[in-house]
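Thanks for coming. I have one structure to go through today, and I will keep to a few residues and pairs. Here it is on the screen.

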Amino acid sequence: MAPWSQQQKHKKPPSSVAPMVVTPPKAVTPVPLTLSKRPSIDAFGFVSLENNVPGLSQLILQKLNMKSYEDYKLVIDGGTPISGFGFRCLQEMFQRMEDTFRFCAQCRALPSGLSDSRVLRYCKSCRNVYYCGPECQRLDWPAHKRVCQVLRLVAVDRLMEWLLVTGDFVLLSGPWPWPAEVVQGWYTWFSMWGLHLNATLDAVLGSHAMTTLWASVRPRPGSDVLRDSLKWLQTDTLSQPLTLGLGLRALGIDVGKAGGCTVSVVGASHVETFLTRPGDYDELNYMFPGHLGLRVIMIGVYVATGFSQSTSTSLLEPGTFQLSSQRGLYHDFWEEQVETGQIAHQDLVVGFHPGFHSSPDLMEAWLPTLLLLRDYKIPTLMTIYSHQELTASLQILVDLDTHITAYGANPSTSLKPKQIYSNPNKQPVYCNAYYIMFLGSSCQLDKRQLEEKVDGRV
């Protein structure tokens with residue numbers, strides 16, 4: 001059994017933390033660690049929608065021709081869609097998508113709650129936030145004016161993503177023409193591709209698919225706006241593999257060791273696996289030319305059913321990449337497959353937006369994994385949406401005596417703004433905006449002490 005000590009001494013952040021980009025956290029109230037059931041982060045999302053905008057979660061299900069959250073989960077998990085699920089044409093899909101954003105940003109009224117004489121009208125500037133009348137728009141303007149312009153871009157990105165789904169926008173990829181150590185962020189990544197990138201974007205902007213896309217909905221934005229949107233979508237897709245590469249570099253993982261290197265993505269859900277393809281992680285091959293094999297295993301209760309479930313135990317061939325998944329909790333996976341020797345020990349563990357700071361339920365679910373990672377000294381990187389979440393997450397990890405080696409702004413963050421669905425006037429966030437790296441405990445135990453602690457608990 002893994003030695004998951006639950007000591008929680010309240011300490012200040014360790015002084016050995018590397019120089020960082022953000023201000024060290026001040027006092028944060030520790031998150032309570034008591035709850036009784038396994039949480040679903042997707043279900044939490046629906047609850048959040050309902051709490052902020054009563055009736056919105058049911059409206060979304062209605063627009064998808066679904067009766068319940070269980071119907072939604074069935075489709076996400078690869079089950080047979082219920083009768084009526086789907087869309088007959090692009091215009092119908094976009095209309096239903098926009099309908100799910102139709103509620104008054106001030107009073108939270110839905111179309112069904114309005115009198116016959118009132119209708120929801122969008123802000124003419126951003127076309128992304130709706131109001132039930134001039135009075136609500138006037139009252140909401142002090143909050144909305146801070147985000148109006150960026151929400152206009154969010155609305156454009158929301159439609160442009162369809163080109164990724166249909167395959168009409170193929171991400172730029174290939175061996176890096178510059179040395180990997182020179183590419184330190186998106187500015188150098190875009191500069192590296194130069195004219196090739198411009199030619200790729202020009203081809204998409206002039207394509208029939210782009211013309212059809214904007215003929216189905218609102219007036220077409222200018223070329224500069226659409227070009228930027230395509231670039232931000234590129235960063236959104238590549239942010240995860242490049243952030244994973246950041247962890248391999250910064251934590252000193254040897255990608256040149258015989259037999260290859262194994263990375264686990266913990267807490268993975270359909271977000272990481274539903275539309276993910278092995279080619280999305282090709283950037284790791286270009287980031288680490290000459291590696292002797294890279295294996296990435298997506299581990300989580302809610303990984304998409306259609307995602308590869310095979311996890312080969314054979315040694316990887318030099319230069320090969322393997323992407324697979326395992327359904328379940330990481331600490332169960334560790335006990336059943338890693339400790340029994342079925343799967344190679346993990347060289348790195350990555351958690352994209354684990355969210356354990358956000359609720360006692362999620363903290364309780366994550367606690368065994370966090371303690372396992374700490375006690376077995378597994379190099380770990382986790383990403384966070386905002387500085388506020390970074391501060392809260394750091395406080396929790398400090399309370400758990402983890403040895404934080406680095407944290408700060410992520411050079412491989414997504415540049416695509418993400419709207420807070422149920423609170424449209426909240427500042428948009430960016431995926432993988434910040435990172436935390438930790439290794440072992442700030443109160444290190446030697447092997448003999450660790451074994452004694454395990455024996456004592458058994």
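**Salt bridges and two loop residues**

I start with Asp202, which counts as partly exposed, at 41% relative accessibility. Please keep in mind that this is a predicted model.

The side chain of Asp202 meets that of Arg227 in a salt bridge, with 2.3 Å from N to O. This pair links distant parts of the chain: Asp202 sits in helix H7, residues 186-205, and Arg227 in helix H9, residues 223-250, with their positions 25 residues apart in sequence. Arg227 is also partly exposed, at 21% relative accessibility. The cut-off for buried is under 20%, so a residue at 21% is not called buried.

Before the other bridges, some background on the chain. It has 458 residues, and buried residues make up 51% of them. There are 15 helices and nine strands. If we take the contacts with a separation of 6 or more, 76% of them come from residues 24 or more positions apart. The chain exposes about 21,300 Å², and carbon and sulfur atoms supply 55% of that area.

Back to the charged pairs. How many salt bridges does the structure hold? The number is five, and I will show two others besides the Asp202 pair.

One of them joins Asp347 and Lys257, whose side chains meet at 2.6 Å, N to O. This pair also links distant parts of the chain, with the partners 90 residues apart. Both are in loops: Asp347 in the one between H12 and S6, Lys257 in the one between H9 and strand S3, which spans 261-266. Is Asp347 buried or exposed? Asp347 is buried, because its relative accessible area is 15% and the limit for buried is under 20%. Lys257, at 29%, counts as partly exposed.

The other is a local pair. Arg138 forms a salt bridge with Glu135, and their closest N and O atoms are 2.5 Å apart. Both lie in helix H5, residues 134-144, three residues apart, which is about one turn of the helix. Arg138 counts as exposed, at 52% relative accessibility, while Glu135 is partly exposed, at 46%. The line between those two classes is drawn at 50%, so the two partners get separate labels.

Now the loop that holds Asp347 once more, for Gln346. Gln346 is in the loop between helix H12, residues 330-338, and strand S6, residues 348-352. Gln346 is buried, with a relative accessible area of 7%. What does its side chain reach? The side chain of Gln346 reaches the backbone oxygen of Ala344, at 2.8 Å. Leaving aside residues up to four places away in sequence, Gln346 touches Thr262, Val263, Ser264, Tyr330, Phe333, Trp334, Val338 and Ile378.

The last residue is Tyr430. Where is Tyr430 found? Tyr430 is in the loop between strand S8, residues 402-409, and strand S9, residues 434-441. At 31% relative accessibility, Tyr430 counts as partly exposed. With the same neighbours in sequence left out, the residues that Tyr430 touches include Val150 and Tyr385, along with Thr413, Ser414, Leu415, Lys416 and Pro417. Tyr430 and Gln419 are eleven residues apart in sequence, and their C-alpha atoms are 9.0 Å apart in space.

That is what I have. I can take questions now.

How values were computed. Residues numbered from 1 in each chain as written. Predicted model: local features only at pLDDT ≥ 70, side-chain atom pairs only at ≥ 80, totals over all residues. Heavy atoms only, no water. Helix = DSSP H or I, 4+ residues; strand = E, 2+ residues; numbered from the N terminus. Buried < 20%, exposed > 50% of the residue type's maximum accessible area, 1.4 Å probe, protein only. Polar contact = N/O pair within 3.5 Å; in protein donor to acceptor, adjacent residues only side chain to side chain. Contact = heavy atoms within 4.5 Å. Salt bridge = Lys/Arg side-chain N within 4 Å of Asp/Glu carboxyl O. Areas by Shrake-Rupley, 256 points an atom, 1.4 Å probe, with all protein chains shown as cover.
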